[in-house]
Structure formats: structure tokens, C-alpha cells
Amino acid sequence: MTTANCSRLEELTAKYRELHGTEPEILVRAPGRVNLIGEHVDYNDGFVFPAAIDRDVMIAAGRRTDRQVKLHAMNFNQSSTFTLDGVQPATDGRERWSNYLRAMAWVFHDEGLGTAGINAVLLGDVPLGAGLSSSAAMLVASGNTFAAAAGLEIDPVRMALLAQRGEREFVGVNVGIMDMYISALGQKDHALLIDTRSLTFEAVPLPETGVSIVIADTNKKRGLVDSEYNTRRAECEHAVELLREHIPGIKALRDVTPAQFEQYASVLPEVTRKRARHVITEDERTLESVAALKSGDIARFGELMNGSHESLRIDYEVSCKELDAMVEAARSIEGVYGARMTGAGFGGCTVSLVADTAVERFLDEVPALYKKATGLTSTIYVTTAAQGAQVLN
Ligand code: ADP
Ligand code: MG
């Protein structure tokens, strides 16, 4: 654990003691994530390449003898209570954060897993709503807390699937599997090449020295994202329907090779064709970028990141002027291998791969360049690939 994590853990346990008068029996953490490449493909059965980051949600908890769940979120200084039987979403808007725990309690019950009443205190440092998936960190940390309280051993892939169901069916956001998967299974100093169809992964080591992952938050709150996200999903499904008449048996855009796409692209209406082209080329870029990384070719990896951004901007149309300005500012710094938007788009963060020797210049110059272009301030995080969810005691 990092020093920051240790002091947060102390703050968390102190609050638990203050509220409940005992030591917590359960301590868990689950991280946020950054996707290096493979964007908007996890709902097309494609390949993604995220890393867990060194920012997480921590939960301290203890069992109760009844079926109540009594929560306190330190980030909001807010409490919320619900009962495990017939879990409902929070009615008070100030307790909306508790829906992630309610979601996990609901999904455990729905899948016939045991649940136990708990007292729990939460503290996180994944920025909220910035596209680093604080929601997945919340869900996976909550799932691990409920599992520990009920004495259940849950395989992390199943935990990711439970969390995805929770976010889709209880919270009501139609997410793919990537965020929860990497939060549950991330590995220190590695990114995971995840096959979102088979739900298997390959852990690929990131360079031990010489390059840093730098995240830049545009501080542009993601507007539009839910409706546009649903539109993109529908457009991808439509592309598969039309292409299936020519390429029998395809289930998702993942199944269409670039050569097949070349051959049949003309059967798709223009917008659908652009969406499909992004997904099909992004899968190719992701696989090639992993090969480049394995052979030590960071420059090529960076070029493919740049290509991913252009494809998201031009073909998938999920970027925005703030993301484009941040990417442009990053790329103007010598020693930046590549930069792209990360996450769903329309705001949120960019990710850059930066030579260690250039990180300071990045920190000095990118915020000013970005401010000049947009009038907005930025928040920069230099991060390392962290371990996925853990039980800490
Ligand atoms: P993202 O996943 O990109 O960060 P979301 O809108 O999906 O954005 O999820 C953010 C929500 O998750 C917050 O509004 C809040 O309800 C919840 N959340 C995240 N971190 C915490 C935390 N530390 N404590 C309480 N709730 C949190
Ligand atoms: Mg989220």
C-alpha cells in the first residue's frame, strides 16, 4: 500500500471506531481504473487493455446481529440505512451513493448468495464522475464487504459479473464489463488484456522504469454520456444485423475482420459504418499495442494510442473540444509517446504515456496550454498500475 492509502486507512478505521465503538472486522479496498487502449469495445465482445490505478474506495465494516445495513460515506459526511430484505434504491437524493451498496445487496439476494447485516464506513479517493470508474470501485468494494460479512468466497470474475448486474439492473446504467473486471482482477505493475467475450485475461507487465501513465482530468463534466452511450450501443447492434446478411454467424462486431469490413462496409449507412469502423479498427489497435508493448516498442504503443483517439473523435464521435485540447496539449510535450481520451467520452479524462524525464514538463506545461485553449483548469494524476480489489485484514 502507498503512504496515502495507509493514512486513509487510519482515517477510515478511526471513523469506524468513533461511530461503532469497536475495531472493524472487515477492511477492503477496490481501485478505479484507466483504460490504456480498447475504448467502446467492451459491449462489442472486443479486447480492452486497462490497468487498475492507485486510487481506490476503502470500506471498514463489522457484522450486525440483525438484517440492517448502516452506512456512512466519509466523502459526503452522509449516512444511509437500509434493510437486506426487499432492498430499494435510496429515496433521498443525498443518499444516492448508497445505491451502489444497495445494488450489491440486491444482486447477492437475487443470485441466492447469503447476506448479513453490517455497519460500514466508506472512504475513497477515486475522483467522482471523472471517468476513472469510482462507481466500479464502489461496487466491487461493496461486493467484497458483503461477501466477507457472509463468509462467502466469490471468484473475482463472478464478482465483476455481479457488480455489472448491480450497475445495470439496480443503478440503471447499461455498462460493459471492463470497469468492474479490472477493479476486481487488476495486478500491480500490469495492464490486463481482457477478452470481454470469454472473460479471460492476460496480464502484461508495464515497463518497470522509464515511462509513466499520466491521467489528465479535463474537469469537463460528462454531459450527454448516458443517452449517447445507449445510441452507440444500438448503432453497433444495427451494424451487426446488417453485416450478418453477408457474413453469416457473426454475433458482435468483434467477429468482423478488417478485410470483411472492407468488403461489406458499403452495405452500412454512413453513420453506422463509421461506428463499426471504430470498433473493428480499435480491436486491431489493441491487439497490436499489446504486441508492441511486449516487444518493448513504446513508441508504437503511443502511436496506436493516438490512433485510438482519432478514431474515437472522427468515427465514433464521443470526444469533445476539451478532450481534444488536452490531447493536443499533451502531444506537444517532447517525451509524450501518445495521448488519448479514456472512458466513455464527452468529458472526463485523457491518458498519456510519458517518458519519466518528461513528466515534470508535462505537469508544468499541459495545464497552461489546456487553460489557454479552453479556459478550464485541469487536474493531473501521475499513476501506477495497482493491485485489484483486496481484503486488507
Ligand atoms: P465514475 O464511475 O466515472 O467515477 P459514476 O457517475 O459512474 O462516475 O459514479 C460516481 C458515483 O459513485 C458518485 O456520484 C457516488 O455516488 C459514487 N461514489 C464514488 N466514490 C464514492 C465514495 N468514495 N463514497 C461514496 N460514493 C462514491
Ligand atoms: Mg461509473
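**Exercise 1. Decide whether Ala 73 is buried or exposed, and place this residue in the fold.**

Solution. Ala 73 has a relative accessible area of 4%, so this residue is buried, where buried means under 20% relative accessible area, exposed over 50%, and partly exposed in between (1.4 Å probe, protein chains only). The next step is to find its element: Ala 73 belongs to strand S3, residues 68-73, and here helices (H or I, at least four residues) and strands (E, at least two) are DSSP runs, numbered from the N terminus. Finally, Ala 73 and Asn 119 are 46 residues apart along the chain, and their C-alpha atoms are separated by 11 Å.

Before going on, note that this is a predicted model, in which local features need pLDDT of at least 70 and side-chain atom pairs count only at pLDDT 80 or more, while totals for chains, interfaces and linings use all residues. Residues are numbered from 1 along each chain as its sequence is written, chains are lettered from A and ligands numbered from 1 in the order in which they are written, and side-chain values use heavy atoms, with hydrogens and water left out.

**Exercise 2. Classify Thr 83 and Ser 295 by their relative accessible area.**

Solution. Begin with Thr 83, which is located in strand S4, residues 78-83; its relative accessible area is 33%, and therefore Thr 83 is partly exposed. From Thr 83 to Glu 169 there are 86 residues in sequence and 19 Å in space, C-alpha to C-alpha.

Turn next to Ser 295, which sits in the loop between helix H8 (270-294) and helix H9 (298-314). Its relative accessible area is 57%, so Ser 295 is exposed. A polar atom of the side chain of Ser 295 lies 3.0 Å from the backbone oxygen of Ala 292, which can be read as a polar contact (a pair of N or O atoms within 3.5 Å; within protein, one must be able to donate a hydrogen and the other to accept it, and residues adjacent in sequence count only if both atoms are side-chain atoms).

**Exercise 3. Describe the backbone angle phi of His 40 and of Phe 346.**

Solution. Start from the general rule that most residues other than glycine have a negative phi. His 40, although not a glycine, has a positive phi of about 60 degrees, and this residue lies in the loop between strand S1 (26-37) and strand S2 (47-63). With a relative accessible area of 6%, His 40 is buried.

For Phe 346, phi is again positive, near 60 degrees, in a residue other than glycine. Phe 346 is found in the loop between strand S9 (336-342) and strand S10 (349-355), and because its relative accessible area is 10%, Phe 346 is buried.

**Exercise 4. Work out what surrounds ligand 1.**

Solution. First count the shell: 15 residues surround ligand 1, and the closest are Asn 75, Leu 128, Gly 129, Ser 134 and Ser 135, where a residue is near a molecule if one of its heavy atoms lies within 4 Å of it. Helix H3 (residues 134-149) supplies the largest share of this shell, three residues.

Then look at the atoms: an oxygen atom of ligand 1 is 2.6 Å from an N or O atom in the side chain of Ser 134, and an oxygen atom of ligand 1 is 2.9 Å from an N or O atom in the side chain of Ser 135. A nitrogen atom of ligand 1 lies 3.4 Å from a backbone N or O atom of Gly 124.
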